[in-house]
Amino acid sequence: MASINLLIIIITFLQILIIIVFFNTGYCNSIKLPSKSTILIFGDSTVDTGNNNYIKTLAKGNYLPYGQDFPGHIPTGRFSNGKLLPDFIASSLGIKEIAVPPFLDPNLSDDQLLSGVSFASSGSRFDDLTTLASKAIPVSKQIKLFRDYIRKIKGIVGEEKAKKIISGSLVLISAGTNDFIFCFYDIPIRRLEFSVGGYQDFLLDRLQSFVKELYEQGCRKVIIIGLPPIGCLPIQMTLKFENPLCRKCLEDQNSDAQSYNLKLSKLIGQLQPSLPYSKIIFADIYQPLIDMINHPHKYGFVETKRGCCGSGLIEVAYLCNPTTPTCGNTSQFIFWDSIHPTQSAYQFLAQYLEIEILPKLFDE
């Protein structure tokens, strides 16, 4: 009888041990953040939560059907049917309850400013030359908005606390796709000057300068998102294949994206040691996205080669408007329009970052 009781005690102890281990692993939000955390976003339409609503540009998404699945069915300026990657990340980390607001929103509260904003602009690029036509805010100019932000939070909490907020912030950078689409592949302005490798190096040099500027302003924790499989974007397949029924990913463009990502990963490894007390992490979204495209049923997707808005072949921005019909079930589509992912796809990408990337950033 005593041996049976001992066995029960041992089994109970093991069960408790398993539970303790489970709750202290990545399976249950093991990322330790300060009680008051901040998220800061820079880049293009993949992370622009509405800044373009407040500037003169054609690159706007503040009308239906954009935002049809956002809380309240409100078109906020996000180029998707609902939330974007930073919204999911901020919510998961407990930084924001619903979404990350755009910095240019004139009605931001002090609490919204202190918990973080997006400085991103749809149509933005690392290459300032190619941003002129879209009149978006290029990545290099988003640093000016960031300086304005720092001045504002200093006015709210004082200089010393503002420094702590900035140094503890999670910084997310997502840009580069527009540079290749709109000035190397589809409108080959830079191809007159650069090989693809040369243009990759040019963009990475711009990115490196931007990261150094963020560091000088006090940022220490940075995630840099790499390029997606550009050759699988519906708009790129449309421009290549005359027959809409015969569409496949463009392997040369995908290969370029992968080689860019490899260079970016190496650059980060070289850059971080030169920036004391920094943590800079490369987020390779190429792999999870290509897995969704190659194995859609694993994720509940059905359509991978066209967007949900209109024909899904060319519609984006003003071509995806209130008169444009949309698909019946957005959760079955990887792409919302001919360039941007759906809310469902962004949610899967956020889960990837939460499991694979964020623990590296906050692991002390």
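This note goes through the predicted model in numbered points, from the whole chain to a strand and then to one residue.

1. Overall make-up. The secondary structure of this protein comes to eleven helices and seven strands, and of its 364 residues 53% are buried. The area that the protein exposes is about 17000 Å², of which carbon and sulfur atoms supply 58%.

2. Contacts along the chain. If one takes the contacts between residues at least 6 apart in sequence, 69% of them join residues that are at least 24 apart. A student following the chain in the structure above should therefore expect, for that share of these contacts, partners at least 24 places away in sequence, given that contact means heavy atoms within 4.5 Å.

3. The largest nonpolar core. In soluble globular proteins, nonpolar side chains tend to be buried together. Here the largest nonpolar core has 102 residues, and the members that touch the most others are Phe-146, Tyr-149, Ile-173 and Ile-223. Helix α11, residues 343-362, gives the most to this core, with nine residues.

4. Phe-146 in detail. Not counting residues up to four places away in sequence, Phe-146 touches Leu-40, Phe-42 and Phe-119, and also Ile-166, Leu-214, Gln-217 and Cys-219.

5. Strand β4 and its two faces. Strand β4, residues 221-225, is mostly covered, since five of its five residues are buried. In a regular strand the side chains alternate between the two faces of the sheet. In β4, Lys-221, Ile-223 and Ile-225 point one way, whereas Val-222 and Ile-224 point the other way, and all of them are buried.

6. The neighbours of β4. Strand β3, residues 170-174, runs parallel to β4 and is joined to it by five bridges; within this pairing, Leu-172 has Ile-223 as its bridge partner. Strand β5, residues 279-283, also runs parallel to β4, again with five bridges, and there the bridge partner of Lys-221 is Lys-279.

7. Asn-52, a residue in a loop. Is Asn-52 buried or exposed? Asn-52 is placed in the loop between β1 (39-43) and α2 (85-92), and it counts as buried because its relative accessibility is 2%, while the cut-off for buried is under 20%. A polar atom of the Asn-52 side chain lies 2.8 Å from the backbone oxygen of Ala-59. Leaving aside neighbours within four places in sequence, Asn-52 is in contact with Thr-57, Ala-59 and Lys-60, as well as with Ser-121 and Ser-122.

How values were computed:
Residues are numbered from 1 along each chain as its sequence is written. This is a predicted model: local features need pLDDT of at least 70, side-chain atom pairs count only at pLDDT 80 or more; totals for chains, interfaces and linings use all residues. Side-chain values use heavy atoms; hydrogens and water are left out. Helices (H or I, at least four residues) and strands (E, at least two) are DSSP runs, numbered from the N terminus. Buried means under 20% relative accessible area, exposed over 50%, partly exposed in between (1.4 Å probe, protein chains only). A polar contact is a pair of N or O atoms within 3.5 Å; within protein, one must be able to donate a hydrogen and the other to accept it, and residues adjacent in sequence count only if both atoms are side-chain atoms. Accessible areas come from the Shrake-Rupley method with a 1.4 Å probe; for residues, only the protein chains shown count as cover. A nonpolar core is a set of buried Ala, Val, Leu, Ile, Met, Phe, Trp, Tyr and Cys residues joined through side-chain atoms within 4.5 Å. Two strands pair if DSSP finds at least two bridges between them.
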